[in-house]
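Dear colleague,

Please find below the structure I agreed to pass on to you. My notes on it follow directly after.

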Amino acid sequence: MVVIIFGVSGAGKTTIVQALAEELGWRFYEADDFHSQANIDKMRQGVPLTNEDRWPWLESLRQLIKRCLAADENALLACSALKGAYRRHLRVSDNVKLVFLRGNYELIANQLRQRHGHFMNTALLQSQFADLEEPQPTERAAVIELGRSPSELVREIKRKLRPG
């Protein structure tokens, strides 16, 4: 199984996925590690990525997911996956599950201000919320409301997914 934990920058994807991977003994992948240098440079400068910027990145993530499933490897992927089309592209089979970290702008802006050493320019949060398409019921995504400790969020994710 591959579980994609998604949401806007600053939602806590990496923190939560790392904790979940440690508890489950699963592989952890950070989608940001798959961005081109050009994309990273744009984000550092506060320039929002376009769909054209994102598609090669999404395709590399899709290939990663396919490799994990082919190898029968359980994995967690921290990924923004802001739009429904992106999530449909990444969900290569029913063995790919989605978890949406939902929080309001103020909560996530506060979390983002406390983060250090990341290339994402905090000025881009508004564009992230503008691009965000919350999952529709047909996507069968587990929705996790932010505002609690990472350990509480991890417990809720495990309860909602019930991975083996």
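Which strands does H7 lie across, and at what angle does H7 run to S5? In this predicted model, H7 crosses S1, S4 and S5, and its direction makes an angle of about 160 degrees with S5.

The sheet

The strands concerned belong to an open sheet of 5 strands, ordered S2-S3-S1-S4-S5, with parallel pairing. S2 and S5 (142-145) stand at the edges; each has a single partner strand, so one side of each is left without a neighbour in the sheet. On average, and with direction ignored, neighbouring strands of this sheet are turned by 20 degrees against each other. Between S1 and S4 the parallel pairing extends over 5 bridges. Phenylalanine 6 has phenylalanine 100, in S4, opposite it.

Helix H3

H3 lies across S1, S2, S3 and S4 and runs at about 170 degrees to S3. The helix comprises 20 residues, and its first and last C-alpha atoms are 28 Å apart, close to the 28 Å expected at 1.5 Å a residue. Its buried residues are Asp53, Arg54, Trp57, Leu58, Leu61, Leu64, Ile65 and Cys68. These cover an arc of only 115 degrees around the axis, which puts them on the same side of H3. The face turned away from that buried side carries the exposed residues Glu52, Pro56, Arg67 and Ala70.

Alanine 70 is located in H3, which covers residues 51-70. Its relative accessible area is 72%; because the cut-off for an exposed residue is over 50%, alanine 70 counts as exposed. From the C-alpha atom of alanine 70 to that of leucine 112, 42 residues apart along the chain, the separation is 35 Å. After H3 comes aspartate 72, which has a positive phi near 55 degrees.

Helix H1

H1 consists of 12 residues (13-24), which at 1.5 Å a residue should span 16 Å; the end C-alpha atoms are indeed 16 Å apart, in agreement with that value. Lys13, Ile16, Val17, Leu20 and Ala21 are buried in this helix. They occupy an arc of only 130 degrees around the axis, which places them on the same side of H1. The cover over the buried residues of H1 includes strands S1 (2-6), S2 (27-30), S3 (75-79) and S4 (96-102), together with helix H7 (150-161). Just after H1, glycine 25 adopts a positive phi of about 75 degrees.

With kind regards

Definitions and conventions. Residues numbered from 1 in each chain as written. Predicted model: local features only at pLDDT ≥ 70, side-chain atom pairs only at ≥ 80, totals over all residues. Heavy atoms only, no water. Helix = DSSP H or I, 4+ residues; strand = E, 2+ residues; numbered from the N terminus. Expected span 1.5 Å × (residues − 1). Buried < 20%, exposed > 50% of the residue type's maximum accessible area, 1.4 Å probe, protein only. Arc of directions from axis to C-beta. Contact = heavy atoms within 4.5 Å. Pairing = 2+ DSSP bridges. Axes fitted to C-alpha atoms, helices over the stretch in contact; angles between N-to-C directions.
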